Amino acid sequence: MSADKAFVDVQNLSRVFDVSKPWLERVVSNEGRKILKAVTDVSFSINKGETFALVGESGSGKSTIARMIVGLIPPSMGSVSFDGIAIAGEDSRPSPSSLRRRFTMIFQDPYASLNPRWRVESIVSEPIRAFGLAKSSQDIRARVEELLRLVGLDPLDGVKYPHEFSGGQRQRIAIARALASNPEFIVCDEPTSALDVSVQAQILNLMRDLQERLGLTYLFISHNLAVVRHMATRVGVLYLGRLVEISPSREIFSAPQMPYTRMLLEAVPDLKGKPRNHDLVRGEIANPINMPPGCPYHPRCVYAYERCPVERPELKVHYPPALAACHALEDGLLVPKPLFEKV
């Protein structure tokens with residue numbers, strides 16, 4: 001999909017953090033500055049009405065990308081456009097409230113994302129008041145009651161405080177607050193990772209129902225691949241802050257192309273006991289402060305050869321419809337195979 005037609009367009013997004021010790025300590029210990037490359041040259045687009053998922057190990061840059069997209073932290077390089085309007089990057093300008101209310105975020109921890117001193121009705125009504133979406137207190141109260149019903153809560157729950165609810169109920173309150181501004185795009189940063197499995201299913205089904213009913217677009221961030229398979233239209237795989245594969249959900253879960261993607265999928269327990277075409281896994285994720293040269297995955301990859309530690313692979317199409325960053329795929333040394341063996 002071209003950038004001029006993408007509902008959300010992310011181009012060459014990068015973010016670095018200075019994690020150096022204080023100046024005096026560096027002088028005494030004769031140490032240089034330390035720069036952590038959290039996100040490097042990430043580009044993707046999201047179509048209106050779809051769910052684009054970002055997956056990867058902890059520390060791969062998923063939440064950093066989410067926070068840059070919604071404007072909580074600025075990018076070091078690159079740009080983010082929403083419905084054709086730049087909202088982050090060098091060419092962006094302060095977003096008017098009419099644009100800002102069209103996108104929002106659901107955070108990972110429902111225990112930390114809600115103000116414990118506010119009643120639920122105040123929490124949910126805050127975006128309504130901030131964006132001037134209702135004129136009178138009566139209209140605001142009616143809208144809050146409508147939102148609580150929409151997420152499966154009782155309107156009478158509005159007088160309670162967050163500590164009076166379970167984790168799943170708190171996340172429903174967070175979803176109601178996110179919907180209060182009538183958004184079109186929601187960034188979901190691991191919205192179910194802090195919840196029990198049975199509650200996760202309820203929240204995920206609720207989010208899918210709301211997407212169909214309200215025409216929402218999601219950026220869904222998770223390390224739980226079972227959840228991603230249930231939710232996503234397309235999937236982007238991150239490794240050490242870089243996208244290494246982008247593919248439709250069905251293809252990526254049946255025949256992943258990038259060896260790292262395959263490793264992630266093989267780590268998911270299979271309750272049906274199907275035999276798998278396993279590849280060996282070596283080592284652990286590298287230090288993002290001192291990343292390996294060339295392909296950052298090559299120290300762990302069983303398909304690595306002389307080109308991998310020298311040249312960084314580009315994200316491109318080798319076997320349609322997926323994009324993958326892998327020299328072995330490009331040079332024909334690796335052919336994608338089904339994840340499961342035929343029995």
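**Exercise 1. Determine where Leu265 is found and whether Leu265 is buried or exposed.**

Solution. Leu265 is found in helix H10 (residues 259-266); helices (H or I, at least four residues) and strands (E, at least two) are DSSP runs, numbered from the N terminus. Leu265 has a relative accessible area of 7% and is therefore buried; buried means under 20% relative accessible area, exposed over 50%, and partly exposed in between (1.4 Å probe, protein chains only). The C-alpha atoms of Leu265 and Leu195 are separated by 22 Å, with the two positions 70 residues apart along the chain.

The model is predicted: local features need pLDDT of at least 70, side-chain atom pairs count only at pLDDT 80 or more, and totals for chains, interfaces and linings use all residues. Residues are numbered from 1 along each chain as its sequence is written, and side-chain values use heavy atoms, with hydrogens and water left out.

**Exercise 2. Describe the surroundings of strand E7 and the direction of its side chains.**

Solution. Step one concerns burial: 5 of the 5 residues of E7 (residues 185-189) are buried, so the strand is largely enclosed by the rest of the structure. Step two concerns direction. In a regular strand the side chains alternate between the two faces of the sheet. In E7, Phe185, Val187 and Asp189 point one way, whereas Ile186 and Cys188 point the other way.

Step three turns to the neighbours; two strands pair if DSSP finds at least two bridges between them. Strand E6 (residues 103-106) runs parallel to E7 and is joined to it by 4 bridges, with Phe103 opposite Phe185. Strand E8 (residues 217-221) also pairs with E7 in the parallel sense, over 5 bridges, and Leu219 in E8 is the bridge partner of Val187. From E7 the chain passes through helix H7 (residues 197-214) to E8 in a right-handed β-α-β crossover (right-handed if, with the strands pointing away from the viewer, the path from the first strand over the helix to the second runs clockwise).

**Exercise 3. Place these strands in the sheet and identify its edge strands.**

Solution. The sheet is open, has 8 strands with mixed pairing, and follows the order E6-E7-E8-E3-E9-E10-E12-E11. Its edge strands are E6 and strand E11 (316-317), each of which pairs on one side only. Strand E10 (residues 242-248) pairs with strand E12 (residues 323-324) in the antiparallel sense over 2 bridges; Ile246 has Leu323 in E12 as its bridge partner. The loop between E11 and E12 contains Pro321, and the peptide bond from Pro320 to Pro321 is cis, with omega near 5°.

**Exercise 4. State whether Thr217 is buried or exposed, and name residues that it touches.**

Solution. Thr217 is found in strand E8. Its relative accessibility is 0%, so Thr217 counts as buried. Leaving aside residues up to four places away in sequence, Thr217 touches several residues, including Phe7, Ile46, Phe185 and Gln211 (contact means heavy atoms within 4.5 Å).

**Exercise 5. For Asn30 and Glu190, give phi, the loop, and the exposure.**

Solution. Asn30 has a phi near 55°, a positive value in a residue other than glycine. Asn30 lies in the loop between H1 and strand E2 (35-46) and counts as exposed because its relative accessibility is 72%. Glu190 is not a glycine either, yet has a positive phi of about 45°. Glu190 is found in the loop between E7 and H7 and, at 9% relative accessibility, counts as buried.
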